[in-house]
Structure formats: structure tokens, C-alpha cells
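Student: I have a fold open on my screen and a pile of labels for it. Can we go through what earns each label?

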Amino acid sequence: GILTINCDIESSSSAINNVYSGKVTIEGGSYSSTADNPWALIAVNSWGDGTPEVIVKDGTFTSYFTNLSFNNGAKGQINGGTFNCTGNWYNLYVGGGNGGCNVTYDVEECSFTTAGTIKIYVEAGTNANTVNNTEYTETKVWSSTE
């Protein structure tokens, strides 16, 4: 299915968990997690059936753990928004045990109120992950200002 949202969500774990083959477009609003658990605020994970996708046009995202996590063949596009990871984690994570993710983001339209770190995780023997049309075959962590 297709879901377009612009709302305020406060959750004790993931505010949005898109799995299998749904498409979610976030057009604004605020999304926060009140817990310090290892659950991404916005999680996109194929789990072996379909290609889930999340498109972020705007919004404010605050969580202790990773703000947006794309795993196992998930797709994403981040065109704007304010990202605040309050823990020692990542604003954006692209990876998973099966790899094959494809995510683009416009750093000029995004605001990172913390370090603005991005992790592309590539497990040995899995598919590469593509971020901003660059294919990564090894794990890389960098600041969004690079």
C-alpha cells in the first residue's frame, strides 16, 4: 500500500516501521521516541518480501537510537527534514544482513542538530548498498558535512 503522512507521533520505540513492500511518504510533522532502546525511529526493512520505500520531504525526527534505518533491500529518498540523534548512534543507517539498499538524500535540504553521522553497513558476503548513486562494498561511517 501507499501511505502519505504529516502528523506528530511520540513513541516508545519505532514511530514508523515499514516492512515488506509498502511505500511511505512523510511530508512533515514531528516524530520522536522517548526510549533509549535499540529501535530506529523510522525503520524500513524488506524482510525478504518486496521492496519497502520511505520518502521524507520534511519533518523533525528525534530519537536516542538511529533516526532513519534502511535494511535488506529497502529504498529511500530524503529530500529534507531536521534530524536529531540524542544517543551515540546515527542519523541515517543503510545496511542490513542482506544489503542491496538504495538510498539518496539531499544534504543541502537536511538539518542535522547532532553530529550528522551516516553509516553504510556492508556485511561480508552480502550485496552492496548504494547511497547517492555511489555503490559501497565496505562499511563506511562519515559526517553529513563531508
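Tutor: Sure, we'll take the labels one by one and hold each against its cut-off. Keep in mind that this is a predicted model.

Student: Let's start with the sheet of six strands: what is its order, and how do the strands pair?

Tutor: The order is E2-E4-E7-E10-E13-E16, the pairing is mixed, and the sheet is open.

Student: Why do strand E2 and strand E16 stand at the edges?

Tutor: Strand E2 (16–19) and strand E16 (140–143) each have a single partner strand, so one side of each is left without a neighbour in the sheet. As for twist, neighbouring strands here are turned by 10° against each other on average, direction ignored.

Student: How do you know that E2 and E4 pair?

Tutor: The cut-off is at least two bridges between the strands. E2 and E4 are joined by four bridges and run parallel, so they count as a pair under that cut-off. One of the contacts to look at is Asn17, whose bridge partner in E4 is Ala43.

Student: What about E4 and E7: over how many bridges do they pair, and in which sense?

Tutor: Four bridges, in the parallel sense. Here Asn45 stands opposite Asn71 in E7. Further along, strand E10 (residues 92–95) and strand E13 (residues 117–120) are joined by three bridges and also run parallel; Leu92 has Ile118 as its bridge partner in E13.

Student: What makes both faces of E4 count as covered?

Tutor: Buried means under 20% relative accessible area. Ile42 and Val44 on one side are buried, and so are Ala43 and Asn45 on the other.

Student: And strand E8: which of its side chains are buried, and which are not?

Tutor: Along E8 (residues 75–78) the side chains alternate. Gly76 and Ile78 point to one face and are buried, while Lys75 and Gln77 point to the other and are not.

Student: Which strands does E8 pair with?

Tutor: E5 is one of them, in the parallel sense over four bridges, with Glu53 opposite Lys75. E11 is another, joined to E8 by four bridges and also parallel; there Gln77 has Thr104 as its bridge partner.

Student: Which residues touch the most other members of the largest nonpolar core?

Tutor: Ile26, Phe70 and Ile78, out of 30 residues in that core. Among the elements that give two or more residues to it are strand E5 (53–56), strand E7 (68–71) and strand E12 (110–112). E3 gives the most, with three residues.

Student: How many cavities of 30 Å³ or more are there?

Tutor: The count comes to one. Its volume is about 50 Å³, so it clears the 30 Å³ cut-off. What makes the space a cavity is that a 1.4 Å probe fits but cannot get out.

Student: Which residues line that cavity, and of what class are they?

Tutor: The lining is Leu68, Ile78, Phe83, Asn91, Leu92, Tyr105, Cys110 and Phe112. By class that gives seven nonpolar, one polar and no charged residues.

Student: What volume does the largest pocket have, and what lines it?

Tutor: Its volume is about 290 Å³. It has 17 lining residues, and the closest to its centre are Pro38, Ala40, Ala43, Ser69 and Asn71. E2, E4 and E7 are the elements that give two or more residues to the lining, and E4 supplies the largest share, three residues. The lining divides into eleven nonpolar, six polar and no charged residues.

Student: Now the loop between strand E14 (129–131) and strand E15 (134–136), where Asn132 lies. What is the phi of Asn132?

Tutor: It is near 50°, a positive value in a residue other than glycine. Most residues other than glycine have a negative phi. Asn133, in that loop between E14 and E15, has a positive phi of about 65° and is not a glycine either.

Student: Why is Asn132 called partly exposed, and what is Asn133 called?

Tutor: Exposed means over 50%, and partly exposed lies between that and the 20% limit for buried. Asn132 is at 32% relative accessibility, so it counts as partly exposed. Asn133 has a relative accessible area of 71%, so it is exposed.

Conventions. Residues are numbered from 1 along each chain as its sequence is written. This is a predicted model: local features need pLDDT of at least 70, side-chain atom pairs count only at pLDDT 80 or more; totals for chains, interfaces and linings use all residues. Side-chain values use heavy atoms; hydrogens and water are left out. Axes are lines fitted to C-alpha atoms, for helices over the stretch in contact, and angles run from 0 to 180 degrees between N-to-C directions. On a 1 Å grid over the protein atoms alone, a cavity is a set of points where a 1.4 Å probe fits but cannot get out, and a pocket is an open set with protein on both sides within 12 Å along at least five of seven lines; lining residues have an atom within 4 Å of a point. Grid points are joined across faces, edges and corners, and a volume is the space filled by probe spheres set on the points. Ala, Val, Leu, Ile, Met, Phe, Trp, Tyr, Cys and Pro count as nonpolar, Asp, Glu, Lys and Arg as charged, and the others, Gly among them, as polar. A nonpolar core is a set of buried Ala, Val, Leu, Ile, Met, Phe, Trp, Tyr and Cys residues joined through side-chain atoms within 4.5 Å. Buried means under 20% relative accessible area, exposed over 50%, partly exposed in between (1.4 Å probe, protein chains only).
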